[in-house]
Amino acid sequence: MSDPALSQGVQRVLKIIVISDYICTFCYIGNKVLYDAIEACRDLPVRFDVEFRPFALLCATSPHVDKKPSRKEYLIHKFGQHHAEAKLKVAHEMAQKAGLEMAEDGIICRPNLAHRLAVKAYQVGGQDLQREFNNIVFYAAFAERKDISDFDFLVETAAQIGLMNREKASEFLRSTECQDCVDKMIDAAKANQVNGVPFIIIDGKWALNGVQPKECYIQASLPLKPPLMYLLSRFSQRQSQIFRKLALPPEPLTPPRSYNDRRASISSPALPVQ
């Protein structure tokens, strides 16, 4: 049965939640591929509301990570020389196919401060401001080999996108604001058996996880609406996935009604996660 709203040309809103970590190569690639797919849907009667949520790939107690090793050193330590080199080769090939710049190596660090700023960006300016922040952080991590946990880098990034001025950004990063949201979102993802990222939840019903053969991803029995199927078919051209039902994580944060209202909302407290 067709969707009455779509048949009447009414624009439908599809909520997309992307669970990701800034140190994840496939999250960097997935971010680009997702927006390429959304761009391909621009002429369809559907509007996308994309919210990025944090995930923690690193063990909280790993002393090796606290030394901020290079990406290559970290992968060798975790997987061994042979498997590490194979993973790096695959990642570089996928990045190249996606049209992304990617340095030969990078820095592995704990991106918790960046996650807090990303949550704040969505609260203040919705998906547009959060996307702007994400693009800068991902590019810094994978194209410029920057330490994205660096305090000064994050202060400058917050000021650059107009999230807050440098003084307010310094105060924010030294505080615990949005930390509760970050913790609850990570806990909710793990409680819903999200063990790897990127993990994409569409319309609160369907999820895409990991890099899998295309045949594993398309299932004719799924009751998908035409715009959603088109989006996913575009996405699978570069990064194939597996579908499975998933209970929706905490309720999405509510951004201001207008992106232009963000400056008036800078001092607002963190919104609660249900």
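**Aromatic pairs**

Start with the rings of Phe, Tyr and Trp. A search of the whole of this predicted model finds four aromatic pairs. Select Y22 and F133 to see one of them: the pair is edge-to-face. The ring centres are 6.2 Å apart, and the planes make an angle of 80°. Now trace the backbone on either side. Y22 sits in the loop between β1 and α2, and F133 sits in helix α6, so this pair ties together parts that are 111 residues apart in sequence.

Are Y22 and F133 buried or exposed? Y22 has 4% relative accessibility and counts as buried. F133 is at 0%, and also counts as buried. The cut-off behind both calls is under 20% relative accessible area.

Extend the selection to Y28, F138 and F142. Together with Y22 and F133, these residues form one aromatic cluster.

**The main nonpolar core**

Keep Y22 and F133 selected and add I19, L117, I148 and L163. These six have the most contacts inside the largest nonpolar core. That core has 52 residues.

Which elements give two or more residues to this core? Colour these: β1 (12-20), α2 (25-40), α5 (81-97), α6 (112-142), α7 (151-160), α8 (166-174), α9 (179-191) and β3 (199-202). The largest share comes from α6, with 13 residues. As background, nonpolar side chains in soluble globular proteins tend to be buried together.

Next, centre the view on L117. Leave aside its neighbours within four places in sequence. L117 is then in contact with F133, L154, A158, L163, M164, F172 and L173.

**A second core**

Now select C41, F52, I200 and I202. They are among the members of a second, separate core, which has 14 residues.

**The cavity**

Stay on F52, which leads to the next stop. F52 is one of the residues lining the largest cavity. The count comes to one cavity of 30 Å³ or more. The volume of the largest cavity is about 60 Å³.

Select the full lining: S20, Y22, F52, R53, P54, H115, A118, V119, Q130 and N134. Y22, already seen in the edge-to-face pair with F133, appears here again. What classes of residue make up this lining? Five are nonpolar, four are polar and one is charged.

Two elements each supply at least two residues of the lining: β2 (46-54) and α6. The most comes from α6, which gives five.

**Q127 on α6**

Stay on helix α6 and pick Q127, which lies in it. Leaving aside neighbours within four places in sequence, Q127 is in contact with F48, D49, V50 and Y122. Draw a distance from Q127 to F48. Their C-alpha atoms are separated by 9.5 Å, although the two residues are 79 residues apart along the chain.

**The largest pocket**

Move to the largest pocket. How much space lies in it? The volume is about 510 Å³. Its lining has 19 residues. Select C24, F26, L57, L75 and F79 for the ones nearest its centre.

Then colour the lining by class: 14 residues are nonpolar, two are polar and three are charged. Three elements each supply at least two of the lining residues: α2, α4 (71-79) and α5. The largest share, five residues, comes from α4.

**A95 on α5**

Follow helix α5 and select A95, which has its place there. A95 is at 0% relative accessibility and counts as buried. What does A95 touch? Not counting residues up to four places away in sequence, its contacts are I29, L100 and M102.

Add K32 and draw a C-alpha to C-alpha distance to A95. The two are 9.2 Å apart in space and 63 residues apart in sequence.

**Zoom out**

Finish with the whole chain in cartoon view. The protein chain has 11 helices and five strands. Of its 274 residues, 50% count as buried.

Now turn on contacts between residues at least 6 apart in sequence. Of these, 79% join residues at least 24 apart. Y22 with F133, at 111 residues apart in sequence, is a case to revisit here.

Conventions: Residues numbered from 1 in each chain as written. Predicted model: local features only at pLDDT ≥ 70, side-chain atom pairs only at ≥ 80, totals over all residues. Heavy atoms only, no water. Core = buried A, V, L, I, M, F, W, Y, C linked by side-chain atoms within 4.5 Å. Buried < 20%, exposed > 50% of the residue type's maximum accessible area, 1.4 Å probe, protein only. Helix = DSSP H or I, 4+ residues; strand = E, 2+ residues; numbered from the N terminus. Contact = heavy atoms within 4.5 Å. 1 Å grid on protein atoms, 1.4 Å probe; cavity = no way out; pocket = protein on both sides within 12 Å on 5 of 7 lines; lining within 4 Å. Points joined across faces, edges and corners; volume = space filled by probe spheres on them. Nonpolar A, V, L, I, M, F, W, Y, C, P; charged D, E, K, R; others polar. Phe/Tyr/Trp six-rings, centres within 6.5 Å; stacked < 30°, edge-to-face > 60°.
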